[in-house]
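Reader: I've just opened this one and don't know my way around yet. Could you take me through it?

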Protein chains: 4
Amino acid sequence: MPGNSFGKSFVVTTWGESHGKALGVVIDGCPPRLPLSESDIQNELDRRRPSGASGSTKRREPDKVEILSGTFEKKTTGTPISLIVYNKDADSKAYKDIKDIFRPGHGDITYQKKYGIRDHRGGGRASGRETVARVAAGAVAQVVLNQQGIGITAYTVELAGIRAEQINVKDIDKNPFFAPDIHTAKRMEERIKEIKASGDSAGGIVEVRVTGCPSGLGEPVFDKLDADLAKAVMSIGAIKAVEIGAGMKTARLLGSECNDEIAPDGFATNRSGGILAGISNGDDIVLRAVVKPIPSIQIVQRTIDIHSKPTTISVKGRHDISAIPRIVPVCQAMVRLVIVDHLLRQKTIGS
Amino acid sequence: MPGNSFGKSFVVTTWGESHGKALGVVIDGCPPRLPLSESDIQNELDRRRPSGASGSTKRREPDKVEILSGTFEKKTTGTPISLIVYNKDADSKAYKDIKDIFRPGHGDITYQKKYGIRDHRGGGRASGRETVARVAAGAVAQVVLNQQGIGITAYTVELAGIRAEQINVKDIDKNPFFAPDIHTAKRMEERIKEIKASGDSAGGIVEVRVTGCPSGLGEPVFDKLDADLAKAVMSIGAIKAVEIGAGMKTARLLGSECNDEIAPDGFATNRSGGILAGISNGDDIVLRAVVKPIPSIQIVQRTIDIHSKPTTISVKGRHDISAIPRIVPVCQAMVRLVIVDHLLRQKTIGS
Amino acid sequence: MPGNSFGKSFVVTTWGESHGKALGVVIDGCPPRLPLSESDIQNELDRRRPSGASGSTKRREPDKVEILSGTFEKKTTGTPISLIVYNKDADSKAYKDIKDIFRPGHGDITYQKKYGIRDHRGGGRASGRETVARVAAGAVAQVVLNQQGIGITAYTVELAGIRAEQINVKDIDKNPFFAPDIHTAKRMEERIKEIKASGDSAGGIVEVRVTGCPSGLGEPVFDKLDADLAKAVMSIGAIKAVEIGAGMKTARLLGSECNDEIAPDGFATNRSGGILAGISNGDDIVLRAVVKPIPSIQIVQRTIDIHSKPTTISVKGRHDISAIPRIVPVCQAMVRLVIVDHLLRQKTIGS
Amino acid sequence: MPGNSFGKSFVVTTWGESHGKALGVVIDGCPPRLPLSESDIQNELDRRRPSGASGSTKRREPDKVEILSGTFEKKTTGTPISLIVYNKDADSKAYKDIKDIFRPGHGDITYQKKYGIRDHRGGGRASGRETVARVAAGAVAQVVLNQQGIGITAYTVELAGIRAEQINVKDIDKNPFFAPDIHTAKRMEERIKEIKASGDSAGGIVEVRVTGCPSGLGEPVFDKLDADLAKAVMSIGAIKAVEIGAGMKTARLLGSECNDEIAPDGFATNRSGGILAGISNGDDIVLRAVVKPIPSIQIVQRTIDIHSKPTTISVKGRHDISAIPRIVPVCQAMVRLVIVDHLLRQKTIGS
């Protein structure tokens, strides 16, 4: 069984390679009669495009989305929604030199071992470019979530060791790093410039917050809401850890410090991150995704070629210095897909 | 769609409540002609039983497993393997007092909101007792993994703030905490006694290591090996964070510090945790699961009853002080299920 | 991927062999808060038991069902419902002689080729006894259908060449063949006696009718309602053809003879069998399943043994002369499972 | 859960409406390193195009297929294969008159009831045009089947009451009806002309034969090979009945007449249609699909409009007189998809 589909009620299937003709997604299970036009999706794709910030790739893709099916007179019909984005600025020349060399930290070697063949150009299917399709699907998911008053925000709480000092939601879209604080964004910019100059790359942490989520979402015992969120976020290339609510910290809390006391109007605290026993409790859902540094760096590293011969590599090309900020809308999209899927799944139960 | 099945090629479906007649699991997709008898499974269930250590529940379940189908003359036949464990020592009296009160940190309130009804006795389906079925299924998975020389070890790297000082695999089964170091185990015992005395509970961290795993397992782009591992582990009740390889730390590493250089005989380091681009790279797979404290504590907490009236609660009953150590074989079982599932899935691809 | 589960929203997973310890089913996705007790299920299992009519097996199984999970105070809770039926009267001796010989028309040879091993006793997993689990699950499905006023009737329209002369629903449970007409039932009894005397076996046709089914069920383009019904019914061992509505006859009708004209109060005719473009149209759903003769006959046939040596076989044992009547409640159960599954699936769409 | 995907190991997801921008399919799970280019697919699409025979639609679509992803240097890579066919000759004007009227025998009314909205142009998603995507996917499946020496043939055994007199495989592609006999084809042509002149439409029967299929394919107890074939074929719009092997006739056979005796070199007869207990037995797989007449006819019929007002309809437009011959390659494609899916599924078992 292959693995390019996600969700059970709101099912997305993505396809496409970094330097192929196009990328796209088929969304099966979107409820009918919802308003949907290309601009709803385009706005989100634009947020994922290279920011112009230091450290951002120079590949310039318009990422113009086209709706090929599933809508009629600008409304969803309940049939599959097919979205396509053509690749316009792929430049495969830069990849010729490394076509037979495995980049450390990259999927080159594992794709080769798994399939015995790979499209090496731009990372092929393993490229971050694949997330265009996720963001597009997430935009459609948000149209459904809007009907329920569910909002999903994502922002960079840490980049290259620079931690956000506060969370001002209004600041997020006012800086190229999706930092929740303008002042922090400036410090991030400086740090990224330094790292870029050294030919290296950087990681960070993204936080996603779901507001307005009803209680009752999540399917014990395996498709728990937090389990599906963890999978969704960990399925993004650069993510190496996921935590829900107090997350890592709960290891050192006592029960009396970790439990959220309950009052008639809700929970006194939110260490649970809005999920108890795998089911949403009505509070904000909060998760954090840890982003590793981009593996393609200019600093020389030891590696092997496809004949297992030792060699060294220094990756030039048009690479981002960090998956942040572009990964931020991707995390947001994946959370959207999980919430909408469970929202529809819960309809079969009622309460 | 409900969520009590896990896996696509090696599919396990669990059922049962803490104080119901029995718990069990149906395993569909186990390859035929493998030797399997009840003792293979019983050994693993025995490791999950209350340890006798301080802080362990006093409920005494023999957890005797019976194979009801799927084997013939002690070999698997390729048909579904049904396993059952009867509940023998359930004592529902202790739960009468809290049947209408929601325990903070517990699934009482979310189950009620999701289903509009719940079996309150012993936590019903949300009880840790549900994991008996997971461990039994994991034992069957291990029979398949043994054929491939794949080993899976799990141990407690931290409990109640006490961090393991070293990893001696031989020590793991020689102490009641599955600590990888006898000396650490003693310190854990002392700390747990203190917490027990205070009526509180504790969390910790479990590490799981897969050895002998071939490269090529994991299905891009959504069913990546790390994505499915994250889901598997996060689907265990008490887990609040999952990290792969260097995990959380990668947020602050530079690319040159994070990438594992490659030599003809393998990777120089293993910060990736054995997975690149969602596909196993042949190195050891390493993950850590963060365990929150048991929510049922004797310390008085504020909460509400099912009529939304404020009240307080102090949970007596026969509760563990920490999900560790019993959650250790559960984490191990879930990783077994993921690896065997992807091992079978990869067979449809070859390389 | 294995195949012992059916349905996407109301998921049943069956397990068990003819001469194993027990048979059972796990039902995942049954809505909560519905009244359910063992007698609801037992009644249906009793209808499937050997009838006492001529040609019925002499194996006497009480087929007593036990609910092991998923209910609390006689109501469903939304958690998996596990049902078990122990085998009490299996007699494996009769099968010793044919353990190494493949019975013509039977799955002996294909199970051996597929799995390289098989439980030969009583046909193992390929036995009609497996359908006990289907009937039990169907009984639970009917509890859900009752809430919606959906009724499902099944009856024998033809047995051993004897065609039912009329459809009197009241007669169905008044004769051992589930014939919809007492007079026909008598003729069937006579014909079956003759066939039994000759050591042979017989086939027939079962019709299933769904009343009160709302329009809108069925998921284009692959999970059409008729497609899932065809699969459900064809998955029963002895079925070799399935037709919906006018079925086979439509091959020779003209469009003007086949189309059902539409009036404000419904369709003028029902050649469509209640399904248009894979979606229920609100009319009765009607399908017919063609049942081949039982392959185990006393008449001597040529065959081979497991070493491919030619031999002959005359099957003694305690075999039915026809899968009818016992297959009638099985067809009914499979249709119940499809309708309830699509009823729940449609909830995610609304209209 | 939506229903636009088919298969578990070789998963196809189709999308697109009759008068939308394009139609397409994503194939997930195609093994890597197989030769694949657009011409492999185009040949099959060309067979499905209007034949020029009497009774064929006048809509002229080039049906030019484009591979958008999943291949590299004309070989499959194991990543999703996305295929697209643009609609070029859609003429929605003819549909304006019937946009608010439900055509008898057509999905207009059920789509409206299910989704509360529909793209009425050309039948939208319910159009036979949707099968372009199935045929394209089937062509890719055949590339895999070719590796195993599995061949799949489909032909018209009956059209408008004219039964094929013999099966000459070579004749199939030499006449516009895919009749297996030239002489029969001429009689079909005459009969179709008459029906066309009367403003009516006709049905028929398609037979599909699989040669070279290994034994062991099919997954008991629900995903039996015949069950999945029945679903696959019944999921095609116009099909109302499916039979395997002797099919309908088995109802009136005795066991001694129905069983296929077994010899060391194979089965003496093939009434089973190559499948025993849901598993392929190594003999040819044979099935027949019954095709109802096209519902859109010129003859005046009574119906209602979307406001439930009675009215009449005479459908003009560019309609085929029968789904045969164009449905023949569609049946073939669906069988290809089932066989390839089970071929890959069986790899997880071995024998």
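**Where chain A meets chain C**

Reader: How many salt bridges are there between chain A and chain C?
Author: The count is zero. Keep in mind that this is a predicted model. To score, a Lys or Arg side-chain nitrogen would have to sit within 4 Å of an Asp or Glu carboxyl oxygen, and no pair between chain A and chain C is counted. Polar contacts between chain A and chain C, with both residues at pLDDT 80 or more, come to zero residue pairs as well.

Reader: Then what makes this a contact between chain A and chain C?
Author: The cut-off is heavy atoms within 4.5 Å, and nine residues from chain A and nine residues from chain C take part. Together the two chains bury about 860 Å², with 59% of it on carbon and sulfur atoms. On the chain A side, A:M1, A:K347 and A:T348 lose the most area, together 50% of what that side buries. The chain A residues touching chain C are four nonpolar, three polar and two charged.

**The sheet in chain C**

Reader: Why are strand 1 and strand 4 of chain C called edge strands?
Author: The open sheet has five strands in the order 1-2-3-7-4, paired antiparallel. Strand 1 (5-6) and strand 4 (65-67) each have a single partner strand, so one side of each has no neighbour in the sheet.

Reader: How do you know that strand 2 and strand 3 of chain C pair?
Author: Pairing takes at least two bridges, and six join strand 2 (residues 11-16) to strand 3 (residues 22-28) in chain C. So the pair qualifies. In this antiparallel pair, C:V11 stands opposite C:D28.

Technical notes. Residues numbered from 1 in each chain as written. Chains lettered and ligands numbered in written order. Predicted model: local features only at pLDDT ≥ 70, side-chain atom pairs only at ≥ 80, totals over all residues. Heavy atoms only, no water. Helix = DSSP H or I, 4+ residues; strand = E, 2+ residues; numbered from the N terminus. Buried area = accessible area lost by both parts, 1.4 Å probe. Polar contact = N/O pair within 3.5 Å; in protein donor to acceptor, adjacent residues only side chain to side chain. Nonpolar A, V, L, I, M, F, W, Y, C, P; charged D, E, K, R; others polar.
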